[in-house]
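User: Please go through this model with me and set each label against the cut-off behind it.

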Amino acid sequence: MARSKSINQDDLRSHNLSVVLSTLLQANIPLSRAQLAKETGLTKATLSLLSDILLKNNVVVELPPVRESANGRPSTPLDIKPKYWVGLGMQINTDGYGCMAVDLGGNVVAEQWEDCTLEGSDPEAIFVLLDQMVRSLEGKLHRRHCHIAGSCLALPGLVTTGQRLLMAPNLGWKNIDITQFAVVQRLQASVSNEANLAAIAQIAGYATRNQPGERLLDSKDSFLYISTDIGVGGAFVRDGNVVKGDHGFGGELGHVSVDMNGPLCRCGRYGCLEMYAGWRELLKAADIDMNEYAGSRESVQRLLQLWEQSDDKAVAAIERAMAAIASVAASSINLLDVDTIVLGGFWSLFNDQIAQRMLTLIVPQVLAEEALNLRVVMCAQMQHPALQGAAVYGLRRLIDHPADYLQI
């Protein structure tokens with residue numbers, strides 16, 4: 001019986017540590033022990049014990065005491081300690097592969113990325129290269145005395161809960177057991193769809209310190225994330241968490257048909273959103289030769305330049321893409337009852353005019369437009385949001401299961 005009581009107490013302490021950590025991460029400012037007690041509902045005695053654990057394990061630091069009122073005693077704020085606990089993210093995409101470490105403060109501690117075309121590539125060869133890159137980054141982290149809490153791999157396709165890639169049409173990969181690869185085994189890495197992870201990177205306080213002004217979304221906001229690359233991905237976030245569906249395949253907006261008589265998509269359907277809004281199709285419609293540019297980012301920059309110059313073909317291509325996205329977004333709003341759309345991928349390179357234009361296209365198609373305060377926003381500025389989201393997702397393990405990492 002004594003052993004059972006001890007286990008229950010440990011579980012409760014781990015849960016309380018998770019609550020305190022989440023509260024600190026989601027706060028806009030450092031919080032004192034008294035403020036944490038008020039926010040979490042825990043007693044001051046409990047907060048004193050938990051804060052000592054977090055201090056001892058290099059999760060938080062004490063800041064200089066401040067006086068909250070003229071007559072009150074000074075209090076000591078607690079803040080997240082940077083560059084000690086990190087999450088390690090990895091990504092394989094059509095335009096390259098890379099890895100990144102992000103700490104609890106939201107700082108990118110280390111990052112490596114290799115630009116290359118991976119369509120039709122050999123999975124085994126790419127995973128060997130990724131492993132070599134990750135080992136190099138791990139060496140940097142070790143020398144900086146950083147501790148990896150968890151890792152995650154972002155892939156552009158359907159990933160099962162058993163970490164099998166069913167298909168990644170734009171890579172040409174199909175039915176691959178991701179757990180067979182050495183880097184995934186060694187790091188015990190999670191694997192997820194890149195759009196889901198890019199959406200996680202937009203959630204304030206998910207596993208990193210909420211920095212005021214960096215994001216337009218609060219920690220508990222619900223939104224639909226639309227990410228556009230060669231393909232079009234999507235993710236639905238409800239109350240600060242990605243809703244993946246029963247099997248993990250939710251959010252495949254790129255393969256929603258907007259025209260049943262439209263062009264044939266790689267997935268086998270006709271008129272998919274991807275065939276109108278994917279950057280490759282956009283470049284074709286704008287009559288831009290991709291071979292003239294070093295990579296996808298450079299060619300999209302050219303598209304953006306032509307659009308700003310009011311080039312007829314570029315404007316027509318972008319208008320057609322926005323109309324297709326607006327149709328899918330409005331249908332999603334009608335289906336999911338969400339009022340915020342976040343545009344990611346190459347759309348984040350455009351100015352806010354695109355967001356406003358998209359809103360004017362979406363609103364008339366929403367059944368409950370008069371009852372909803374609809375908005376379209378650009379994603380937070382990140383060069384590789386899915387990669388950053390993968391690192392943040394890996395770091396989330398520390399938040400959810402602190403007892404697995406901390407001496408308590």
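**Labels and their cut-offs**

User: Why is Gly105 called buried?

Analyst: Gly105 has a relative accessible area of 12%, and buried means under 20%, exposed over 50% and partly exposed in between, with a 1.4 Å probe and protein chains only, so Gly105 counts as buried. This is a predicted model, in which local features need pLDDT of at least 70 and side-chain atom pairs count only at pLDDT 80 or more, while totals for chains, interfaces and linings use all residues. Residues are numbered from 1 along each chain as its sequence is written, and side-chain values use heavy atoms, with hydrogens and water left out.

User: Which residues is Gly105 in contact with, leaving aside its neighbours within four places in sequence?

Analyst: They are Ile80, Thr208, Arg209 and Gln211, where contact means heavy atoms within 4.5 Å. Gly105 itself lies in the loop between β6 and β7; helices (H or I, at least four residues) and strands (E, at least two) are DSSP runs, numbered from the N terminus.

User: Why is there no bond between the sulfurs of Cys267 and Cys272?

Analyst: A disulfide is a pair of cysteine sulfur atoms within 2.5 Å, whereas the sulfur of Cys267 is 3.7 Å from that of Cys272, its closest cysteine sulfur, and therefore too far for a bond. Cys272 is likewise in no disulfide, and a search of the whole structure finds 0 disulfides. Cys267, at 32% relative accessibility, counts as partly exposed, while Cys272, at 0%, counts as buried.

User: What makes Arg375 and Asp221 a salt bridge?

Analyst: The definition asks for a side-chain nitrogen of Lys or Arg within 4 Å of a carboxyl oxygen of Asp or Glu, and the closest N and O atoms of Arg375 and Asp221 are 3.3 Å apart. Arg375 lies in strand β17 (residues 375–378) and Asp221 in the loop between α6 (194–200) and β13 (223–228), so the pair ties together parts that are 154 residues apart in sequence.

User: How do you know that Lys284 and Glu281 also qualify, and which of the labels buried and exposed does each residue take?

Analyst: Their closest N and O atoms are 3.9 Å apart, which is within the 4 Å cut-off. Both residues lie in helix α8 (residues 279–285), 3 residues apart, about one turn of the helix. Lys284 is exposed, with a relative accessible area of 53%, whereas Glu281 counts as buried at 17%.
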